[in-house]
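Student: Could you take me through one part of this model in detail? I'd like to look closely at the charged side chains, and then see how that part sits in the rest of the chain.

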Amino acid sequence: MNNIIDFILGIDRISWDKGAEWRLVWRNMPETWLLALVIIPLILFIPYFFYKREGKNISGIARFMLGCLRSLIILIILLILFQPIILLETERVRYPYLIVLIDDSKSMTLQDKFTRPDDIKKLAELTQLADGKTLPETDMSAKVNELRRIDMVNKILANSNLDILKKLSTRYQLKTYGFSGGLVPEPKTGHMEAQGDSTAIGDAIAEALKELRGQSIAAVVIISDGRSNSGMDVSEAINLLVDRDSAIPVYAIAAGNPSEPKDIELLSLSAPEIAVAKDPVKFEVIVKHQGFAGEAAEIRLNQGGKIVDTKLITLVQDKTEQHITVGYVPDTPGEYEISITVPPRPDEFIEENNTLKHFLIVKDEKIRVLFVEGYPRWEYQYLKNALLRDHSIIVNCLLLSADPGFPQESTKGEPSLTEFPYEKKDLFKYDVIIFGDVEPVLLASLNTPSHDEIMKTIEEFVEQMGGGFLMISGPRSSPRAFKDTSVGRMLPVVIPDDDGTIYGQSGVVQAEPFQPKLTPEGAMHEITRLDSDPAKNKKLWEDPNEGLPGMYWYYPLKRVKPAAKVLAAHPSESDMQKPLVAVQQYKRGRTMFVGFDSTWRWRKLIGDKYFYQFWAGSIHYLRGGRLFSNKRYQLTTDKLKYSLGEKVKIYARVFDEEFNPLTYPVISASLELPDGIKKNLELTLDPKEPGSYFSAFSPDRLGNHKVSLGPEDITATEEVVFKAFSVEHPSREFEQPLVDRQTLESIAQRTEGKFLGLADIETLPDAIKEAREVREYMSKEEPIWDAPLFFLLFLLIIAAEWIIRKALRLI
């Protein structure tokens, strides 16, 4: 029966929400005054007027009844037109949102070492490692420390005894995301994988806020190691949280050990890529530690798994960088993987950062030196003799003041020079050119180009071929006579207009000897490092009583080129006022200037020990540019280490047999992959620079790669040049493996939230500040103007009127 009544009233289709209040409203109801003064009077007047005219022969009672029925018909029609509706009003309580951000980057695959017994016991309980059993303390510690960060988070979130997320969902609407470089909605909590190549905490916060724009947000929970290394700066994201009508607090949970763990780390390794057999090779490594101050550590240098050098050091205060040098002398040519290692300790946080690797190519090549001197001064005599005795060097000497028939000295088996080797094919076979006190015009003869042309060829030797050039100053010509020349342009020093030259003699002669002063850079440079002990080395250079014999003459200079490095200066001035030893990278080669000429005095009582160590070190340094090329081929890459998939850029310079730049549109190089497979690699010519070639590719394999370039004749092995590089996993996520407690605490503090360790995660539901629930009033309109009731009343009334009119014979 109730269903029939609901159908007639038109309310059977209405969904009555629990607790909803209802009222009848009229959608098109006119104004009250219009209803009272116009509509109602018309409803009464129109029927009265109609029946007054039509019903003259009927009684007044009948006329009144018919008028009322007609008024009711008009009223029903008007009620339908006024569109009556049932307005349902419901009050809803909506919980605010709680954003949960879980870090799924690769740094979450790291394992921390927890040492505090309370933390270990609590984490074992939270991760259910004990499984209801009592484990020995050592076993418990081992099991906890075996877990990766993401494993701990998964186990804790999956712990049904804790049900942290379920507890939070009773008070908040949870929006859970995984994040690394971007957001992943609704991750499988308890079963997450850590595969992201970066951590963008700022982006994660900003994207989550954007997705819930306009909604009430109670708080943000971040479970992460805190190492944000890409995307929006974290401080900008914090501003998005606090610059609102009501700041959103952040509860930062450190996924890992938030305490400062003990760790020894090798930060960087500096070493040559190519070395010469029987020559010493030095490796400089930077060591930093946390928690081992005052303890001893052993630095091991390994070649192919064999320890070739060790150094015992004492670790200084925490987080202080220590520069350590180790080295060895490679015996045979070849390609070697070098590693420097600090043996890991049982209580160290991470062992992977205790080793650095380096790829070294050892060549069996002697250094070819051209030594040109103006006259037989003492510096020339002693240095020439030392070079002739050195079995690792092939030297050709050219004494410009010698008579035409004088036999110029050279290494045994080498033909003597009769003039300066001006042709490129002759000059470019050398690795280093040394100029003593040389007058430029004497470089040329009747059968050679002008001295200006010869100096341009020397500049090309350094600039294009990677050669080394050394000038030893003298009182007659060098460097004064080379101002505004191609050679002067290469030097690391600025030659002054007036150097005080009197009667053809330049420079400053002092009555008392002086000791050159090392600059900070000179104290570490291979040229001026005569002793591995910094204090002893400084004493050798600067101590007038216990050091090397001093100098009486020097060439006065006041400026160096912008790219120059000053290694030693005059003691009476600042480092940059009177440079005495300076070096410079000049395009592909290296140049050096020495502003004194009395190092032969260092031989007193000790022979060549320091005298030749200085000059041999200089020659080996200057030869550095040639190690990356041979006489006709040069090969470089933009980096030594690449991440997997990162583009490798290869550059080459190639000359023909006359040392003119090659102009073939394409040349071929060989790429050797880590598994030994060789592939052809094409390099294309740079149309703007003849002889310059370029190629790029993205490696898809990890390990050491090698590019080789040379002539097509495979028997000409001496012409082939190599360039090695390594490909590693993207390292951004592992560069800073420690939990960044400072960042997480900063986020929590600035947003008035709270920082928690993973061991305290069960307190999270109670720690989150209660947010006020949001009450919403929802209204819903249900039309009833088309209810059957109106149509039934209309039909009944109009039928009644028709019957009465029929009875009264009005129709």
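Tutor: Here is a walk through the charged residues, followed by the core and the chain as a whole.

First, the ground rules: this is a predicted model, so local features need pLDDT of at least 70 and side-chain atom pairs count only at pLDDT 80 or more, while totals for chains, interfaces and linings use all residues. Residues are numbered from 1 along each chain as its sequence is written, and side-chain values use heavy atoms, with hydrogens and water left out.

Let's start with Asp103, which sits in strand S3; helices (H or I, at least four residues) and strands (E, at least two) are DSSP runs numbered from the N terminus. Asp103 is buried but has no salt bridge, and Arg149, the nearest side chain of opposite charge, is 7.2 Å away. Buried here means under 20% relative accessible area, exposed means over 50%, and partly exposed is in between (1.4 Å probe, protein chains only). A salt bridge needs a side-chain nitrogen of Lys or Arg within 4 Å of a carboxyl oxygen of Asp or Glu. For charge, Lys and Arg count as positive and Asp and Glu as negative, with His and the chain ends not counted.

What Asp103 does have is a side-chain polar contact of 2.9 Å with Ser224. That term covers a pair of N or O atoms within 3.5 Å; within protein, one must be able to donate a hydrogen and the other to accept it, and residues adjacent in sequence count only if both atoms are side-chain atoms. Setting aside neighbours within four places in sequence, Asp103 is in contact (heavy atoms within 4.5 Å) with Met108, Ile150, Phe179, Thr199, Ile223, Ser224 and Asp225.

Asp225 from that list does have a salt bridge, to Arg149, with the closest N and O atoms 3.0 Å apart. This pair links distant parts of the chain, 76 residues apart: Asp225 is in the loop between strand S6 (217-224) and helix H9 (234-242), and Arg149 is in helix H6 (residues 149-157). Asp225 counts as buried at 0% relative accessibility, and Arg149 counts as buried at 2%. Salt bridges with shared partners join Asp112, Arg149 and Asp225 into one network.

Now take Asp197 and Lys106, whose side chains form a salt bridge at 2.7 Å, N to O. They are 91 residues apart, with Asp197 in the loop between strand S5 (183-185) and helix H8 (201-211) and Lys106 in the loop between strand S3 (97-103) and helix H4 (117-126). Asp197 is partly exposed, with a relative accessible area of 43%, and Lys106 is partly exposed at 22%. Asp119 and Arg116 make another salt bridge, at 3.6 Å between the closest N and O atoms; Asp119 is buried at 17%, whereas Arg116 is partly exposed at 46%. The count comes to 34 salt bridges.

Zooming out, the secondary structure of the chain comes to 21 helices and 35 strands. The radius of gyration (taken over C-alpha atoms, the globule rule being 2.2 Å times the number of residues to the power 0.38) is 46 Å, well over the 28 Å that the rule gives for 811 residues, so the chain is more spread out than a compact globule. Its C-alpha trace spans about 165 × 70 × 55 Å along the principal axes. Buried residues make up 47% of the 811.
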